[in-house]
Amino acid sequence: MRRFLHAQGASRGLALGRARVRHSQVFDVAIESISASAIEGEIERLHLAFDVARSELMDMRQKLQGVLAHELGEFLDLHNLILDDPELLHGLDDLIRKANYSADYALRLQRDRLASIFDGIDDPYMRSRREDLDHVIGRVHAALHRNPGSDVIGLAGDVLVADAIAPSELAQLTERGVVAVITSQGSALSHSAILARSLHLPLVVGAHEAHMKIADGDALLVDGASGEIIIEPDAEDLRQFKRMQRETARERKALQRLRDAETITLDGTTIRLFANAESREDVAQAYELGASGVGLYRTEFLFLQGREPPDEEQQFLAYRDLVMGMRGRPVTLRTLDLGADKADSAGICVQGEPNPALGVRGIRLSLAQPGLFRAQMRALLRASAYGKMNILVPMVSCREEVLAVRQLMSHCRDELHAENHAIAKQVNLGIMIEVPAAALALPQLAYDSDFLSVGTNDLVQYLLAMDRGNEALASANSPLHPAVLRVLLDILKFGRKRGIPVAICGEMAGDPLFTRLLLGLGLREFSLHPSNLLELRRRIREVNLVDCQRLCRRLLRARDRSQLEALIHQGNHG
Ligand code: PEP
Ligand code: MG
């Protein structure tokens, strides 16, 4: 029967697929007993689920291709090893046979027992393997609840329905042909959402009722822009879906005409559009769409895929390809910004921090891991010989951090010269303005920086003290707050006065809702995902700067969010 769900769109795109529900609630399964006569059947059901999990892993292993094949293959092998561990299965059988527990509850008990062993290990890498244990147990649990006879192997054409999705899982899902993801938690500002947009994978987040309303195997229509989900769509829905697909294709074609157009306002001010990129595909797209360069390359996504962090040579090759890919246009590579919601699988992040968003994240983590940071800096400097490249430092909160990076840069430069490596004469060093302290101490910090890039995703999170990943705060966590506008105005004024280039690279820069506001505030360099680039170019070509400035003055006088919202919608439609 047709059902409807509405949640938050986090990565746009339309998809039609079959629900694949992941029941990670194995960790919340309450105590469940079974009768003595059901024991053998329950054990058989559990063993069958193990077989299903094994054959899924084997199938995925065979289908892996491309750049991620090697790293992902290692993951899968490890998961197979865990599945084949005789202790695991015997322990489960015992729990069912001797304590009369259901297979679900036995799985939960075994998982908790093994997790506490992992938690007690000193080595952070080994400790982080607990995540793999959870994946394996979660896979067996999901297999326990799948309809017998359903296609449990391939995931091509599936819509994954899960509680949450980690950034590290997303690339794997697209490789497997998953057409969309729905999560009951999460927010559109999370790093998973950013990565989903980069992978062009439709994502709907905050769908609290997803697990109640969607069953494994249901047909789903997903709109990643509006957040609408139709379960078991009817003929009219399917016709509407086809119409929307055609409209999107027409719109895309119309936008394509702007590929070679200038990004210029009606009154003749040229605006520079840079791309945010997470992959080589993004860079190729940015180049083709006429981006002025790459304004933000998030290097941490290279570190989220493997069990080992990439070494200097692997990083150098990746960065060199990116720099060459832009054929002389500048590429700004950001140093590692791991931590908070970007926890790695290689055990680099500090585990178990009480408050990771305020913890050892970004530049703090890099400075705490000198060997790792040195390898990255060397790789970056080596890549600078292949095109115009800038280095950007995330999460800066004080001058000491900038000075420490400068010192490392100069030390690596000397080392590389002595080793006869080519390096560009000039590599500019910029800082992200995303911590309120950095925004407030600009004169001190900018003194040692060649350029500034405002990370509004974090700046808004830290200014408003609202977790960007918390769906309960999704509507309040918005740049439409007087404090945010005031801070952005001050940063842009400061840059103009001192002649320091300022870009904005948070998601706000790519949202046409804010274009007039940002132009009015004085922004001339936007950095955004390439999939929004043509739309933004079109928007900019339709506006007069004087109108934007007028709108902006009114917005700066507004006292609260409802006034700001009303004004911005008026300004965009008036
Ligand atoms: C930001 O915080 O706005 C930003 C661009 O960085 P990230 O989203 O990677 O934290
Ligand atoms: Mg940030």
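A polar contact, in the sense used here, is a pair of N or O atoms within 3.5 Å of each other, and this cut-off will help in reading the surroundings of ligand 1 in what is a predicted model.

It is useful to begin with the protein chain as a whole, in which there are 24 helices and 16 strands. Its radius of gyration is 25 Å, close to the 25 Å that the globule rule gives for 574 residues, so the chain is as compact as a globular protein of that length. Along the principal axes, the C-alpha trace spans about 80 × 65 × 40 Å.

Within this chain, the space taken by ligand 1 is the largest cavity. Several elements give two or more residues to the shell around ligand 1, namely α8 (191–198), β10 (293–298) and α19 (456–464), and of these α19 gives the most, with three residues. Sorted by class, the shell has four nonpolar, five polar and eight charged residues. Of the 17 residues around the ligand, those that come nearest are Arg298, Arg334, Gly455, Asn457 and Arg468.

The polar contacts can now be taken one by one. An N or O atom in the side chain of arginine 334 is 2.7 Å from an oxygen atom of ligand 1, while for arginine 361 the corresponding distance from a side-chain N or O atom to a ligand oxygen is 3.2 Å. Glutamate 434 also takes part, with a polar side-chain atom that lies 3.0 Å from an oxygen atom of ligand 1. Taken on its own, ligand 1 has 290 Å² of accessible area, and the protein covers 100% of it.

Technical notes. Residues are numbered from 1 along each chain as its sequence is written. Chains are lettered from A and ligands numbered from 1 in the order in which they are written. This is a predicted model: local features need pLDDT of at least 70, side-chain atom pairs count only at pLDDT 80 or more; totals for chains, interfaces and linings use all residues. Side-chain values use heavy atoms; hydrogens and water are left out. A residue is near a molecule or strand if one of its heavy atoms lies within 4 Å of it. A polar contact is a pair of N or O atoms within 3.5 Å; within protein, one must be able to donate a hydrogen and the other to accept it, and residues adjacent in sequence count only if both atoms are side-chain atoms. Accessible areas come from the Shrake-Rupley method with a 1.4 Å probe; for residues, only the protein chains shown count as cover. On a 1 Å grid over the protein atoms alone, a cavity is a set of points where a 1.4 Å probe fits but cannot get out, and a pocket is an open set with protein on both sides within 12 Å along at least five of seven lines; lining residues have an atom within 4 Å of a point. A molecule sits in a cavity or pocket if more than half of its atoms lie within 2 Å of its grid points. Helices (H or I, at least four residues) and strands (E, at least two) are DSSP runs, numbered from the N terminus. Ala, Val, Leu, Ile, Met, Phe, Trp, Tyr, Cys and Pro count as nonpolar, Asp, Glu, Lys and Arg as charged, and the others, Gly among them, as polar. The radius of gyration is taken over C-alpha atoms; the globule rule is 2.2 Å times the number of residues to the power 0.38.
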